[in-house]
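Colleague: I would like to learn how to read charged pairs and cysteines in a structure. Could you take me through them one at a time?

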Amino acid sequence: MVTRHVVLLNQSSVTIASTEMTAVATALQTQVQRDFAPEWGQHATVRALTAGATVPAGAWPIRVLDHPQAGLGVHLDQNHHPYAEIQAGTNWSITASHELLEMLEDPYGQKFIQGPDIDPASDGHLVSYLVEVCDPCETFAYQINGVAVSDFLTQDYYHAGTSGVKFDFLGKLAQSYDVPRGGYISWQDPEDNRWHQKTPDGQFITARAQIDRFRNPRDDRDRAFSSDRAQGQHDLRALFATYAATIAP
């Protein structure tokens, strides 16, 4: 069993008390081991670092920033090591949870699962979905010891036609490949060699650029949709208000 080591650190101008940092890290640890690991088989230790502390060798950092330099989400550094950037602000713990779980399941942004094309204009042929375990259900959250954390998909979400099971941890999704308003999902279509996406506002969009097979898939998806952000590219900051209204007790 591989256990990842994740550290949470505040590098923003917003003062976050050490007690809050520790409480969030503890809640994330509980979520990983109690809720996430039984479903996805991923294990991690999560701890908060004090202000100014150095990230230990081999640890994967989640950095709280004023303005994420690489963009909100999970990225790879120059040594191909995963890290995540989130923005300081209301309900930052949900974003930290979201990025932590996605970083654990697909740290290198290259995991795909084949399934039927969900675009209603498609004939339902097989496409390749980028596995991001919090994106389709990212408007839902729950609490662990008073700390808000993100909902996440179950593995059954990617099994088309499955019934009588939960498709996300909270049981909010109605069926496999369900993407309610506020969530999103991305996939590669072999028929046109382009990225496709169902966006948070419910649109189905196709990237203008073709897939670059020499790029990291997650980075290539972001590049492909960079000119289409106004049409619904993912922005967690815009969803904080929605999160706050949907946190389960």
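Modeller: Start with R215, in a model that is predicted. R215 counts as partly exposed, at 40% relative accessibility.

Colleague: Which side chain does R215 meet in a salt bridge?

Modeller: The general idea comes before the case. Side chains of opposite charge can pair when their charged atoms come close. Here the partner of R215 is D212, with 3.5 Å from N to O. That distance counts as a salt bridge because the cut-off is 4 Å. D212 is partly exposed too, with a relative accessible area of 26%.

Colleague: How many salt bridges does a search of the whole structure find?

Modeller: The search finds six. One of them joins R34 to D35, where the closest N and O atoms are 2.7 Å apart.

Colleague: Are R34 and D35 buried or exposed?

Modeller: R34 is partly exposed, its relative accessible area being 49%. D35 is buried, at 7%. To read such values, take under 20% as buried and over 50% as exposed, with partly exposed in between.

Colleague: What separates R223 and D220 along the helix?

Modeller: About one helical turn, because R223 and D220 are three residues apart in helix α3, which covers residues 217-224. Their side chains meet in a salt bridge with an N to O distance of 2.6 Å. As for accessibility, R223 is partly exposed at 26%, while D220 is buried with a relative accessible area of 1%.

Colleague: Which residues are joined into one network by salt bridges that share partners?

Modeller: Those are E132, R221 and D222. When reading a network, look for the shared partners that link its salt bridges.

Colleague: Now the cysteines. How many disulfides are counted?

Modeller: The count is zero. The test is the distance between two cysteine sulfur atoms, which must be within 2.5 Å. Take C134, which is in no disulfide: the nearest cysteine sulfur belongs to C137 and is 5.9 Å away.

Colleague: Why is there no bond from the sulfur of C137?

Modeller: Because the closest cysteine sulfur, in C134, is 5.9 Å from that of C137, which is too far for a bond.

Colleague: Where do C134 and C137 stand, buried or exposed?

Modeller: C134 is buried, with a relative accessible area of 0%. C137 is buried as well, also with a value of 0%.

How values were computed
Residues are numbered from 1 along each chain as its sequence is written. This is a predicted model: local features need pLDDT of at least 70, side-chain atom pairs count only at pLDDT 80 or more; totals for chains, interfaces and linings use all residues. Side-chain values use heavy atoms; hydrogens and water are left out. Buried means under 20% relative accessible area, exposed over 50%, partly exposed in between (1.4 Å probe, protein chains only). Helices (H or I, at least four residues) and strands (E, at least two) are DSSP runs, numbered from the N terminus.
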